[in-house]
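Please look over the sequence and the structure shown here before reading on. The report after them goes through a few features in turn.

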Amino acid sequence: QVQLVESGGGLVQAGGSLRLSCAASGSTFSINVIGWYRQAPGKQRELVAAITTGGSTSYRDSVKGRFTISRDNAKNTVYLQMNSLKPEDTAVYYCNLRSVRTSPGDGYWGQGTQVTVSS
């Protein structure tokens with residue numbers, strides 16, 4: 001079993017920054033992908049950024065250049081540094097961990113952390 005605990009959400013003004021953390025514990029896969037997803041009210045959950053055990057990263061176009069995903073494998077923790085935040089970034093952000101052999105959206109989920117960006 002895998003447990004994921006997100007932290008770092010909050011209320012920030014447009015243009016501000018937040019750093020989200022996702023701490024993983026339990027039987028994490030030796031080769032995995034950890035992704036940050038977000039879901040705004042009335043919208044589908046979408047993948048924001050992902051990082052593999054080896055450090056390869058990917059981002060959705062709307063956050064490129066503003067968000068940075070990183071991981072500390074020794075601490076089993078993944079971070080999402082969010083800069084130049086916009087009101088449209090407002091959402092509940094979820095951490096997801098899956099085996100590299102599975103599809104995006106499979107695997108384990110955290111409970112989510114709210115990010116609110118005021119204009």
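What follows describes the disulfide, the sheet, the nonpolar core, the salt bridges and two loop residues. The model is a predicted one, and the report should be read with that in mind.

**The disulfide**

A search of the whole structure finds 1 disulfide. The link is formed by Cys 22 and Cys 95, whose sulfur atoms lie 1.9 Å apart, and the pair connects distant parts of the chain, since Cys 22 belongs to strand 3 (residues 18–26) while Cys 95 belongs to strand 9 (residues 91–99), 73 residues apart. The angle about the S-S bond is -75°, and the link is left-handed. Are the two cysteines buried or exposed? Cys 22 has a relative accessible area of 0% and is therefore buried, under the limit of 20%, and Cys 95, also at 0%, counts as buried.

**The sheet**

An open sheet is formed by 4 strands in the order 1-3-8-7, with antiparallel pairing. Its edge strands are strand 1 (2–7) and strand 7, each of which pairs on one side only, and the twist from one strand to the next averages 15°. Strand 7 and strand 8, which run antiparallel, are joined by 6 bridges; one of the residue pairs to look for is Ser 70 with its bridge partner Tyr 79 in strand 8.

**The nonpolar core**

In soluble globular proteins, nonpolar side chains tend to be buried together. In this model the largest nonpolar core has 26 residues, and the members that touch the most other members are Trp 36, Phe 67, Leu 80, Met 82 and Tyr 93. At least two residues of this core come from each of strand 1, strand 3, strand 4 (32–39), strand 5, strand 7, strand 8, strand 9 and strand 11 (113–118).

Which residues are in contact with Tyr 93, leaving aside its neighbours within four places in sequence? Its contacts include Leu 20, Trp 36, Phe 67, Leu 80 and Met 82, and also Glu 6, Arg 38 and Gly 112. Leu 20, which lies in strand 3, has 0% relative accessibility and so counts as buried. When residues up to four places away in sequence are not counted, Leu 20 touches, among others, Ser 7, Gly 8 and Gly 9, as well as Trp 36, Leu 80, Tyr 93 and Val 115. Leu 20 can also be compared with one of the disulfide cysteines: Leu 20 and Cys 95 are 75 residues apart in sequence, and their C-alpha atoms are 9.5 Å apart in space.

**The salt bridges**

Side chains of opposite charge can pair when their charged atoms come close. The count for this model comes to 5 salt bridges, and the table gives three of them.

| Residue pair | N to O distance |
|---|---|
| Glu 46 and Arg 38 | 2.7 Å |
| Glu 46 and Arg 60 | 3.4 Å |
| Arg 66 and Asp 89 | 2.8 Å |

Glu 46 appears in a salt bridge with Arg 38 and in another with Arg 60. Glu 46 lies in strand 5 (residues 46–52) and Arg 60 in the loop between strand 6 (57–59) and strand 7 (67–72), so this pair ties together parts that are 14 residues apart in sequence. Glu 46 is partly exposed, with a relative accessible area of 25%, and Arg 60 is likewise partly exposed, at 29%, whereas Arg 38 is buried, at 6%.

In the pair of Arg 66 and Asp 89, Arg 66 lies in the loop between strand 6 and strand 7 and Asp 89 in the loop between strand 8 (77–82) and strand 9, so parts that are 23 residues apart in sequence are tied together. Arg 66 counts as buried at 10% relative accessibility, and Asp 89 counts as buried at 1%. Through salt bridges that share partners, Arg 38, Glu 46, Arg 60, Arg 66 and Asp 89 are joined into one network.

**Two loop residues with positive phi**

Asn 76, a residue other than glycine, has a positive phi near 50°. Asn 76 lies in the loop between strand 7 and strand 8 and is partly exposed, with a relative accessible area of 34%. Ser 84, although it is not a glycine, has a positive phi of about 50°. Ser 84 is found in the loop between strand 8 and strand 9, and at 40% relative accessibility Ser 84 counts as partly exposed.

Notes:
Residues are numbered from 1 along each chain as its sequence is written. This is a predicted model: local features need pLDDT of at least 70, side-chain atom pairs count only at pLDDT 80 or more; totals for chains, interfaces and linings use all residues. Side-chain values use heavy atoms; hydrogens and water are left out. A disulfide is a pair of cysteine sulfur atoms within 2.5 Å. Buried means under 20% relative accessible area, exposed over 50%, partly exposed in between (1.4 Å probe, protein chains only). A salt bridge is a side-chain nitrogen of Lys or Arg within 4 Å of a carboxyl oxygen of Asp or Glu. Two strands pair if DSSP finds at least two bridges between them. Axes are lines fitted to C-alpha atoms, for helices over the stretch in contact, and angles run from 0 to 180 degrees between N-to-C directions. A nonpolar core is a set of buried Ala, Val, Leu, Ile, Met, Phe, Trp, Tyr and Cys residues joined through side-chain atoms within 4.5 Å. Contact means heavy atoms within 4.5 Å.
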